[in-house]
Amino acid sequence: LNLLRGYDHRKYFIIDGKIAYVGGATLSESSHDNWLDGGMRLEGDIVGQLQLNFFLNFIYRASLKKISAYEFHHPKNFTQFFGENFPVPEGITQNYPLMLVQNVPKMTTSVTSDTYDMLKDARHNIVIADQYFSAPQLLDVLSEKLKQGVKITLYGSDPHVRYNVAYKAAALRFWKKLYELGNSNGNITIYLSKRFVHGKIVSVD
């Protein structure tokens, strides 16, 4: 059960410590053929941050599996593991024009908090492509932005698209409430796709 609570839902690939691909796409045929997804190809210092992200998750899962302190923290084992799996990219500048945010159980939930902070700072427009945006506190933030005159554009799946029933019901209730709030002043636009929108993208201003 502990391992299920620590389910890792992230999807990224790191090549030689220099190139990273990150996004929502899985490697299954159903997602390739039927889902709308998005992702990015990254180079530079951000790749090192992604490697660290994986490493933090390794530490977390190692603790769940009760790997002994000697097995993991012994200098020889630690150095060997890190050297083999986390090559140091050439030309690291320690200058971060991009900053990775992450959720790691019992460690950090910066994805959630930083996303809310970003939305709260919006002055002109917010674009969201995500079928899973349905948290009550998110509705409060976006409602306040609509009152301030911020234009919101949402991309999601048509109600007839088949996917998880519980998620679908929650998303439809959320989108309906948001539309009712924004429709009076024309500050909200919703686009619905005939395919399942699996991407998770947020853009502000």
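Here is a short tour of this predicted model, from the whole chain to its cores and one serine.

The protein chain contains eight helices and 11 strands. Of its 205 residues, 32% count as buried. Its accessible surface is about 13,200 Å², and carbon and sulfur atoms hold 57% of that area. Among contacts with a separation of 6 or more, 72% join residues 24 or more positions apart.

Now to the inside. The largest nonpolar core has 18 residues, and the members touching the most others are Ile126, Leu138, Leu142, Ile152, Leu154, Phe174 and Leu178. Each element in this table supplies at least two residues of that core:

| Element | Residues |
|---|---|
| Helix H6 | 110–120 |
| Strand S7 | 125–129 |
| Helix H7 | 136–147 |
| Strand S8 | 151–157 |
| Helix H8 | 165–183 |

Which helix gives the most to this core? That is H7, with five residues. Another core, of six residues, lies apart from this one, and its members include Tyr12, Ala20, Leu42 and Leu50.

Ile126 is worth a look in the viewer. Leaving out residues up to four places away in sequence, Ile126 touches Leu119, Leu142, Lys145, Val150, Lys151, Ile152, Thr153, Ser203 and Val204.

Finally, find Ser193 in strand S9, which covers residues 188–193. Is Ser193 buried or exposed? Its relative accessible area is 17%, so Ser193 counts as buried, the cut-off being under 20%. Beyond its neighbours within four places in sequence, Ser193 is in contact with Leu36, Gly156, Ser157, Asp158 and Val161. A polar atom of the Ser193 side chain also lies 3.0 Å from the backbone nitrogen of Arg195.

Conventions: Residues are numbered from 1 along each chain as its sequence is written. This is a predicted model: local features need pLDDT of at least 70, side-chain atom pairs count only at pLDDT 80 or more; totals for chains, interfaces and linings use all residues. Side-chain values use heavy atoms; hydrogens and water are left out. A nonpolar core is a set of buried Ala, Val, Leu, Ile, Met, Phe, Trp, Tyr and Cys residues joined through side-chain atoms within 4.5 Å. Buried means under 20% relative accessible area, exposed over 50%, partly exposed in between (1.4 Å probe, protein chains only). Helices (H or I, at least four residues) and strands (E, at least two) are DSSP runs, numbered from the N terminus. Contact means heavy atoms within 4.5 Å. Accessible areas come from the Shrake-Rupley method with a 1.4 Å probe; for residues, only the protein chains shown count as cover. A polar contact is a pair of N or O atoms within 3.5 Å; within protein, one must be able to donate a hydrogen and the other to accept it, and residues adjacent in sequence count only if both atoms are side-chain atoms.
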